[in-house]
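Q: Hi! Could you walk me through this one while I have it open on my screen?

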Amino acid sequence: MIVVIILPLLGYFGARTYSRKLVLGYFVYLVAIIAVRAVLISINDNEAFISVQIVIILLELLVIVYIIKLFRILGKLSEEDKFYLIGAAIMNDPDADDSSSAHRYSEENQEQDQQEQGD
């Protein structure tokens, strides 16, 4: 039961930190869950249960499409791009700590941009 709670967090943290490994872990989890649902459908005679499970499988397949797109995009990002994106997300987060390295990095870039514009 705890696995079903923890593994979806892989997707969240994978997307939040731009980690291909975590996104891949979530993809594997979803494929396994779809397989379990298919087995449950095959051994169950309740039409309402089967209908609900089919709808859930279709939604999970839609999520998988977006996971694949994210996984491909993450493969094209450099570490610098990821750092920049994380910094931009932190800057837009009202709960973010101003002392974070990404925030300092962004402030340094803004100061540098202002100096370049002044030259």
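A: Happy to. The chain has five helices and zero strands, and keep in mind that this is a predicted model.

Q: Good to know. In what order do the elements run from the N terminus on?

A: They run α-α-α-α-α.

Q: And what share of the residues is buried?

A: Of the 119 residues in the chain, 19% are buried. As for how contacts spread along the sequence, take those between residues at least 6 apart: 46% of them join residues at least 24 apart.

Q: Let's start at the front. At what angle do α1 and α2 pack?

A: The angle is about 145°, and the axes of the two helices are 7 Å apart. Helix α1 covers residues 2-17, while α2 covers residues 20-43. Their crossing is left-handed.

Q: Which residues make that contact?

A: From α1 you have Val-4, Leu-7, Pro-8, Leu-10, Gly-11, Phe-13, Gly-14, Ala-15 and Thr-17. From α2 come Leu-22, Val-23, Gly-25, Tyr-26 and Tyr-29.

Q: How does the α1 and α2 contact break down by class?

A: There are 10 nonpolar residues and four polar ones, with no charged residues.

Q: What about Val-3, where is that?

A: Val-3 lies in helix α1. With a relative accessible area of 48%, Val-3 is partly exposed. Its C-alpha atom is 9.6 Å from that of Tyr-29, although the two are 26 residues apart along the chain.

Q: Switching to rings, how many aromatic pairs are there?

A: The count is two aromatic pairs. In one of them, Tyr-12 and Phe-13 have ring centres 5.0 Å apart and planes at 75°, so this pair is edge-to-face.

Q: Are Tyr-12 and Phe-13 buried or exposed, or something in between?

A: In between. Tyr-12 is partly exposed at 44% relative accessibility, and Phe-13 is partly exposed as well, at 43%.

Q: And what's the geometry of the pair formed by Tyr-26 and Tyr-29?

A: Tyr-26 and Tyr-29 are stacked, with 5.9 Å from centre to centre and 25° between the planes. Both sit in helix α2, three residues apart, which is about one turn of the helix.

Q: How accessible are Tyr-26 and Tyr-29?

A: Tyr-26 has a relative accessible area of 18%, so it counts as buried. Tyr-29 is buried too, at 12%.

Q: While we're on rings, what sits over the ring of Phe-71?

A: That's Arg-20: its charged end sits over the Phe-71 ring, 3.8 Å from the ring centre.

Q: Nice. Next, which residue has a positive phi although it is not a glycine?

A: Tyr-18, with a phi of about 60°. Tyr-18 lies in the loop between α1 and α2.

Q: Which residues touch Lys-82, leaving out its sequence neighbours?

A: Not counting residues up to four places away in sequence, Lys-82 touches Tyr-18, Leu-74 and Leu-77. So the loop residue we just discussed comes up again.

Q: Where does Lys-82 sit, and is Lys-82 buried or exposed?

A: Lys-82 is in helix α4, residues 79-91. It counts as buried because its relative accessibility is 12%, and the cut-off for buried is under 20%.

Q: Back to α2 for a moment. What does Ile-41 contact?

A: Once neighbours within four places in sequence are set aside, Ile-41 is in contact with Ile-50, Gln-53, Ile-54 and Ile-57. Ile-41 lies in helix α2 and is buried, with 18% relative accessibility.

Q: How far is Ile-41 from Ser-51?

A: They are 9.0 Å apart from C-alpha to C-alpha, and 10 residues apart in sequence.

Q: You listed Gln-53 there. Which helix is Gln-53 in?

A: Gln-53 is in helix α3, which spans residues 47-76.

Q: Is Gln-53 buried or exposed, and what does Gln-53 touch?

A: Gln-53 is buried, at 8% relative accessibility. Leaving out residues up to four places away in sequence, Gln-53 touches Arg-37 and Ile-41.

Q: Great, that gives me plenty to look at. Thanks!

Note on methods. Residues are numbered from 1 along each chain as its sequence is written. This is a predicted model: local features need pLDDT of at least 70, side-chain atom pairs count only at pLDDT 80 or more; totals for chains, interfaces and linings use all residues. Side-chain values use heavy atoms; hydrogens and water are left out. Helices (H or I, at least four residues) and strands (E, at least two) are DSSP runs, numbered from the N terminus. Buried means under 20% relative accessible area, exposed over 50%, partly exposed in between (1.4 Å probe, protein chains only). Contact means heavy atoms within 4.5 Å. Rings of Phe, Tyr and Trp (its six-membered ring) pair if their centres lie within 6.5 Å; planes under 30 degrees apart count as stacked, over 60 as edge-to-face and the rest as tilted. A charge sits over a ring if NZ of Lys or CZ of Arg is within 6 Å of the ring centre and within 35 degrees of the ring normal. Axes are lines fitted to C-alpha atoms, for helices over the stretch in contact, and angles run from 0 to 180 degrees between N-to-C directions. A crossing is left-handed if the near helix is turned anticlockwise from the far one by less than a right angle, and right-handed if clockwise. Ala, Val, Leu, Ile, Met, Phe, Trp, Tyr, Cys and Pro count as nonpolar, Asp, Glu, Lys and Arg as charged, and the others, Gly among them, as polar.
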